[in-house]
Amino acid sequence: FIQSNLRKMSRVVSKNLFNFKCTGELDAEVKALEDRLEELKTAFPEAKEMTDKMKELVHKHDPESDEEFYCIFRRTARALVKSFNYDNHEAMLYGSLQTLTTHLKVRTKHCGNFEVPVQVYTPKTIRKEKRRGALIYAHRGSCVSLSIHELRRPAQCIAVDMNMVVFNVQYRHAPETRCPDNVKDFYEVIIHVSENAEKLKIDPGKIVICGEDGGAYICLGAMVLLAEFNETDLVKLAIPISPMVDDYCFSDPLVMTKEERESHLIMRKIWRDLIAADFEQQKTSSFLFPGKASDEILQKFPPTIIIETEFGMHITEATRLANRLRSAGRLLELVVIPRVTQSSCWVPGSKAQKSLTDIFKTIGQEYIHC
């Protein structure tokens, strides 16, 4: 990419709505949930063997080992999501009951001719409105696993909570599609929604982008592209949640938090052997590691709210990016949900999940529909 001339953006003004106090201790319910999640990881056939095999494969760097690793990773992630019972859990039902689902495909040519599948969730309360807010969403799964179908219920709930049309994007996964082409899938959907706002009955001044975990990396990568191409004005707000940001996992584990230390070898494997097209050539690129974007690029980011958890596995890199964005005048809020882990926010009906729901509602009311 050739960096274009960058227009300086005015500094955003935070409302300072989320001044949660971290305590350094897990909530008792969250601790019980984490213990249950660990049990679930070994609750399906061959689970222990698969876990042991992954620990072995993180140290190998050849195509055969890479394929075996991501197949196990995907199977484990799907088993965990299946255990949450999103389709039938009472805490998730309102999303499907109060939204209408349609589908669209966005044509792209950056990595062959490909149509990016998108599920669209429209709250029934705004289905007849002609200028509705839009939230373009990239799902979690470390950029390697899961799908918009498996994670449709949480996205439908976001649509209701924020009173916006959610475009749930099935960006292509690594390693079949590598950096930056999966980022471009998401970027092309942003452009499509913006250019077709009238047809889609979207208010072009209320387009929000959001992603979680690997999806937050996709979202941040698209923010770099928007900044490069002077298209930041297309987006009113960006909300990366528990974002994969940079190469912190390659640093000394002695300086890491417990959660970072426990996951750093897997994250190294994912970044180096699955996401990157050529790690050595791309390791300084902000398209692989958005946290390495220059100050000039960060000054061109959309207004941003970063959501993290006190015991999240990306807490250090997310906080570093938040500090840089604050200096660049583009950070609205750094929200750190106290006493919870990243994975506990995925569990329907949990305190952590309810906290995240309340945060979405507040953001919608105070930063989007105000």
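## Helix α5 and its end

Asn-163, just after helix α5, adopts a positive phi of about 55 degrees in this predicted model. The helix that precedes this residue spans residues 152-162, and 11 of its 11 residues are buried, so α5 is largely enclosed by the rest of the structure.

The buried residues of α5 include charged and polar side chains as well as nonpolar ones: among them are Arg-152, Arg-153, Gln-156 and Asp-161, together with Ile-158, Val-160 and Met-162. Ala-155, also buried in α5, belongs to one of the nonpolar cores described below.

## Nonpolar cores

The largest nonpolar core comprises 76 residues, within which Ile-136, Phe-167, Phe-186, Ile-209, Tyr-217 and Ile-275 touch the most other members. Helix α8, residues 214-228, provides the largest share of this core, with 10 residues. A second core, separate from this one, has 31 residues and includes Tyr-137, Ala-155, Val-335 and Ile-363.

The surroundings of Ile-275 illustrate the packing in the largest core. Beyond its neighbours within four places in sequence, Ile-275 is in contact with Ser-142, Cys-143, Ala-174, Arg-178, Cys-179, Tyr-217, Met-244, Ile-270 and Leu-288. One of these partners, Tyr-217, is likewise among the core residues that touch the most other members.

## Glu-310 in strand β7

Glu-310 is located in strand β7, which covers residues 304-311. Is Glu-310 buried or exposed? Its relative accessible area is 14%, under the 20% limit, and Glu-310 is therefore buried.

When residues up to four places away in sequence are not counted, Glu-310 touches Cys-22, Thr-23, Gly-24 and Glu-25, as well as Ile-315 and the residues Val-336, Ile-337, Pro-338, Arg-339 and Val-340. Gly-24 lies 286 residues from Glu-310 along the chain, yet their C-alpha atoms are separated by 7.7 Å.

## Overall architecture

The protein contains 13 helices and eight strands. Its radius of gyration is 19 Å, close to the 21 Å that the globule rule gives for 370 residues, so the protein is as compact as a globular protein of that length. Along the principal axes, the C-alpha atoms fill a box of roughly 55 × 50 × 45 Å.

Of the 370 residues, 57% count as buried. Among contacts between residues at least 6 apart in sequence, 80% join residues at least 24 apart.

## Surface and charge

The protein exposes about 16,100 Å², of which carbon and sulfur atoms supply 50%. There are 51 positive and 51 negative side chains, and the centres of the two sets lie 6 Å apart.

Key: Residues are numbered from 1 along each chain as its sequence is written. This is a predicted model: local features need pLDDT of at least 70, side-chain atom pairs count only at pLDDT 80 or more; totals for chains, interfaces and linings use all residues. Side-chain values use heavy atoms; hydrogens and water are left out. A nonpolar core is a set of buried Ala, Val, Leu, Ile, Met, Phe, Trp, Tyr and Cys residues joined through side-chain atoms within 4.5 Å. Buried means under 20% relative accessible area, exposed over 50%, partly exposed in between (1.4 Å probe, protein chains only). Helices (H or I, at least four residues) and strands (E, at least two) are DSSP runs, numbered from the N terminus. Contact means heavy atoms within 4.5 Å. The radius of gyration is taken over C-alpha atoms; the globule rule is 2.2 Å times the number of residues to the power 0.38. Accessible areas come from the Shrake-Rupley method with a 1.4 Å probe; for residues, only the protein chains shown count as cover. Lys and Arg count as positive and Asp and Glu as negative; His and the chain ends are not counted. The place of a charge is taken as NZ of Lys, CZ of Arg, CG of Asp or CD of Glu.
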